[in-house]
Amino acid sequence: MVMKYLDPKADLTFKKIFGNHPTRLISLLNALLPLSDEEQIHEIKYLPTELVPQLEGGKNTIVDVLCTDIRGRKFCVEMQMEWSDAFQQRVLFNASKLYVSQAKKGGKYSELQPVYSLNLVNDIFAHDTPDFIHNYRIVHDKDSNKVIEGLHFTFIELPKFTPHSIADKRMMVLWLRFLTEINSNTKEVPADLLNDPEIGKAVEELEISGFSDAELRAYDKFWDSVSVERTLLDDRYQKGKEEGKEEGRAEGMSQRSLEIARNLLSLGLPIDQITQATGLTEEEIELLKES
């Protein structure tokens, strides 16, 4: 079976699809960000994806896609294959850097424009809820209607998405279907995806015939690195489970030893005999006796 399309979630393909097509990126942002009708994006300009610190010695970071609109708002888009706490911290760091970078010497703080961070994650990290879209703002701890504007974060768990989970947002469904349904196993693309002008063009750009040999090698290398990262994460998870079991067994044994020591103390046995029977120290038994 010959592969016809590449997966849009890979680093190479994602940047090719959204990194130099303003109308397409606007469509994606308007579909996936929680923007009201008045807040919709109409025109953007791409910005360099390397975020250089204002102060010497600061940390440089690189994002997948970065742009600003005619209002001056900043939009940062990241495609992440694996979830980690470090990624969440990097998202916060990058958005904060974008917000602060607007400040000019002698300028007014009121002129600072909001920063929107859209993060597409090909992993599940919120295991306690079926919701796959998570929007964050700075809100009052008792009244969520009181908001400090400036930083907006959207995280989308792609593996949780199903088309029937969204009823009234057609473009959101189409873009998420594009990101989750098109891959190296795709032979026929659904007509409703092809019928949308921007998504149809994006699908065409995923055709393997449009990539050079060097790009295809880079694409394969990306998935190899993802596989290695997943293996390492699985190993750490299994190790953590084993360590947790050992700690649990040790804790259970400790609790049983304490219970036995209490019973032996109530029978009036000498402390040296109780230490031999339970493995507890004389100091531990003395403390237990006093309590």
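**Exercise 1. Find which residues of α2 meet which residues of α4, and describe how the two helices pass each other.**

*Solution.* Start with the touching residues: R24, S27, L28, A31 and L32 in α2 meet M171, M172, W175 and L176 in α4. Here, contact means heavy atoms within 4.5 Å, and helices (H or I, at least four residues) and strands (E, at least two) are DSSP runs, numbered from the N terminus. Sort these contact residues next, and you get seven nonpolar, one polar and one charged. For that sorting, Ala, Val, Leu, Ile, Met, Phe, Trp, Tyr, Cys and Pro count as nonpolar, Asp, Glu, Lys and Arg as charged, and the others, Gly among them, as polar.

Now the geometry. Two packed helices are described by the angle between their axes and the distance between the axes. The axes of α2 and α4 come within 8 Å and cross at roughly 115°. Those axes are lines fitted to C-alpha atoms, for helices over the stretch in contact, with angles from 0 to 180 degrees between N-to-C directions.

Before you go on, keep in mind that this is a predicted model, where local features need pLDDT of at least 70 and side-chain atom pairs count only at pLDDT 80 or more, while totals for chains, interfaces and linings use all residues. Residues are numbered from 1 along each chain as its sequence is written, and side-chain values use heavy atoms, with hydrogens and water left out.

**Exercise 2. Work out which helix gives the largest share of the largest nonpolar core, and which residues touch the most other members.**

*Solution.* First, the term: a nonpolar core is a set of buried Ala, Val, Leu, Ile, Met, Phe, Trp, Tyr and Cys residues joined through side-chain atoms within 4.5 Å. Buried means under 20% relative accessible area, exposed over 50%, partly exposed in between (1.4 Å probe, protein chains only).

Then look at the members. This core has 49 residues, and F18, L25, L29, L32, L176 and F178 touch the most other members. Helix α4 supplies the largest share, seven residues. Zoom in on L25: leaving out residues up to four places away in sequence, L25 touches F18, I44, Y46, V65, C67 and V77.

**Exercise 3. Is L179 buried or exposed, and what does L179 touch?**

*Solution.* L179 sits in helix α4. With a relative accessible area of 0%, L179 is buried. Skipping residues up to four places away in sequence, its contacts are P8, K9, F14 and L120. L179 and L120 are 59 residues apart in sequence, yet 9.4 Å apart in space, C-alpha to C-alpha.

**Exercise 4. Give the strand order of the open sheet, then follow β6 and its partners.**

*Solution.* The six strands run in the order β1-β4-β5-β6-β8-β7, with mixed pairing. Two strands pair if DSSP finds at least two bridges between them. β1 (44–46) and β7 (133–139) stand at the edges with a single partner strand each, so one side of each has no neighbour in the sheet.

Next, β6. It pairs with β5 in the parallel sense over seven bridges, and F75 has Y116 as its bridge partner in β6. Seven bridges also join β6 to β8 (residues 147–157), again parallel, with L118 partnered by T154. Finally, check the faces of β6: V115, S117, N119 and V121 on one side and Y116, L118 and L120 on the other are all buried.
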